[in-house]
Amino acid sequence: MTTTVSPSTAAKATRRHLGLAILALAMGGFAIGTTEFAMMGLLKEVEEGLGISTPEAGNLISAYALGVVIGAPIFAAFGAKLPKKHLALGLMLFLSLANLTSFIAPDYGFMLLSRFASGLPHGAFFGVAAVIAAGLVAPTKRGWAISMVMAGLTVSNVIGVPLATWVGQTFGWRLLFIIVGAIGLVTVAMVWKFVPFEAAHPDASIRRELGALKRLQVWLALLIGIIGFGGFFAVYTYIAHTMTSVAGIPESLIPAVVALYGLGMVVGNIVGGRIADKSVMGTIYWVMPGIAVALVVYAIAAHWAWAAFIMAFVVGGVGSMLTPALQTRLLDAAPGAASLASSLNHSALNIANALGAFLGGTVIAWGWGYVAPALVGAVLAILGLGVALLSGLLERKRPLAG
C-alpha cells in the first residue's frame, strides 16, 4: 500500500522544520547574548569573588569584546571548507566549553583568558547562522530569517540576562557560566537535529573568504555599523547612571529599564527584518536619521522619569532595526565570501561598542553630563548615514554584481 502526502501537508512540514531550524540557530544567539551582557550586571560579585578592582573586572568585558573582534574573521575564514552546519556546531560547542572553563577559573588571569576565549566564536556563529537562515528561505524573506536568528540575542536581554543576573546574585556569580554552557549544549543538540545539512561549496577556501576584504562595499557596510551603532552603545553603557542621576529613577528599578530597552531591541529587530526585505539600503537610509532623532529626544526626555522609561524602549527599538539590514547588506556585498563578511559585522558592532563607551565616557569626563553620550550618538548616526549615502552612490556607478 502506497502512502501519499498532500502538498499542503508537505508545505506545513517544511514550514515546521524551517521554524525549528531557525529556532535552533536563535537559541545559540540567546546563549551568546546571555554570556555577553549578564557579566555587566554581576561585576560587583565578580570583583568580590576574585578579589579584584572595578577596572580589572571591566577588563573581563573588554577581553570578551576583543575575542569577538579577533575570532570572527579567523573562524569564518578557516572554517570556509566545512559544511556550514558543522561549523555552527563546532562554534557552539567551543562557546559551551569556554564558558565552563570560566566556571572553574581559579584566578583573575585564567578568568581573563577564558572570557577572551568565550568571545572568539561569537561573531563567526552569528555570521554562519545568518548565511544558513538566509539560504533556507526565498530571497525576498532573507531579512526576516536573519532577524529571527538575531532575535535570540535580543530576547536574551529580556529573559536570559535578568534571569542569569538574579541566579548569579542569589546563588553565586559563577553559575552564570553553567547556565550559558547548558544553553550552548542544548543549541548543539537542536542544530544537529533540525538544521539541514548542505555540503560546502566546492570552491570554498580561505582565499575565497578573504576575497571579501578586497570589496569596498564590504568595508563601507562595516563602517556604517561601527559609526552608526556607536551612539546606541554609548546610551546603553551609561543608561543606569542617566536613569538614576538625571531621571531620578530608583536604582531598584534599573532592571526594569534594562528590560524595556531589551524589549525594544526585540521589537526593533523583528520590524527591521521585515522592512529590510523590501529595501536593504532604503532601511539603512531611514533608520540612521531615526536613530539620531531618537537619541536627541532621549537626551531631553531623560529629565522626566516617565518619559525616560518610554525612550529607553524607543532607543532600543530604533537602534536594533538596523541590524538585519546591515547583515543582509554584507551578504549582498560579498556573495562568494558570505560567512566571513557576515561574521565581520559582529566585529564591527563590538568596535562600535568600544567606540560608543569611550566617546560617551569622554564627554561625561568633560563635565557635559550623563545625557551627553546620547547627543554624541546622534552625531555618529548622522555620520553613519553619510557613509551609507556614499555606499549607495558608488553602487549606482558600479553595481554589487560587477
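This note goes through the predicted model of the chain, from its overall build to a handful of residues.

1. **Fold class.** The chain is helical. It has 17 helices and zero strands. Its radius of gyration is 21 Å, close to the 21 Å that the globule rule gives for 402 residues, so the chain is as compact as a globular protein of that length. Along the principal axes, the C-alpha atoms fill a box of roughly 70 × 50 × 45 Å.

2. **Packing.** Of the 402 residues, 54% count as buried. Contacts reach far along the sequence. Among contacts with a separation of 6 or more, 84% join residues 24 or more positions apart.

3. **Surface and charge.** The exposed area of the chain is about 17,100 Å². Carbon and sulfur atoms supply 71% of that area. Positive side chains number 22 and negative ones 13. The centres of the two sets lie 16 Å apart.

4. **Helix α4.** This helix covers residues 84-104. Its 21 residues should span 30 Å at 1.5 Å a residue, and the end C-alpha atoms are 31 Å apart, which agrees. Its buried residues include Leu87, Leu91, Leu95, Ala98 and Ser102. Polar and charged names appear in the buried set too, among them Lys85, Ser96 and Asn99. An α-helix has 3.6 residues a turn, so residues three or four places apart point the same way.

5. **Ala88.** Look next at one residue of α4, Ala88. Its relative accessible area is 0%, under the 20% cut-off, so Ala88 is buried. Beyond its neighbours within four places in sequence, Ala88 is in contact with Phe125, Val128 and Ile132. Arg274 is 186 residues from Ala88 along the chain, and their C-alpha atoms are separated by 25 Å.

6. **Ile284.** This residue sits in helix α13, residues 280-301. Ile284 counts as buried, at 0% relative accessibility. Setting aside neighbours within four places in sequence, its contacts are Ile224, Pro289, Leu322, Ala325, Leu326 and Ala388. Gly384 is 100 residues away along the chain, yet the C-alpha atoms of Ile284 and Gly384 are separated by 9.3 Å.

7. **Gln327.** Helix α15, residues 322-333, holds Gln327. Is Gln327 buried or exposed? Gln327 is buried, with a relative accessible area of 0%. Outside its neighbours within four places in sequence, Gln327 is in contact with Ala130, Ile146, Met150, Ser342, Asn345 and His346.

8. **Val167.** Val167 belongs to helix α6, residues 142-171. Its relative accessibility is 14%; because that is under 20%, Val167 still counts as buried. Leaving out neighbours within four places in sequence, Val167 is in contact with Gly172, Leu175 and Ile179. Ile179 lies 12 residues from Val167 along the chain, with their C-alpha atoms separated by 9.4 Å.

9. **Gly367.** Where does Gly367 lie? Gly367 is in the loop between α16 (338-365) and α17 (372-397). At 62% relative accessibility, over the 50% cut-off, Gly367 counts as exposed. The C-alpha atoms of Gly367 and His86 are separated by 51 Å, and the two residues are 281 apart along the chain.

Notes. Residues numbered from 1 in each chain as written. Predicted model: local features only at pLDDT ≥ 70, side-chain atom pairs only at ≥ 80, totals over all residues. Heavy atoms only, no water. Helix = DSSP H or I, 4+ residues; strand = E, 2+ residues; numbered from the N terminus. Rg over C-alpha atoms; globule rule 2.2 N^0.38 Å. Buried < 20%, exposed > 50% of the residue type's maximum accessible area, 1.4 Å probe, protein only. Contact = heavy atoms within 4.5 Å. Areas by Shrake-Rupley, 256 points an atom, 1.4 Å probe, with all protein chains shown as cover. Lys, Arg positive; Asp, Glu negative; His and termini not counted. Charge placed at Lys NZ, Arg CZ, Asp CG, Glu CD. Expected span 1.5 Å × (residues − 1).
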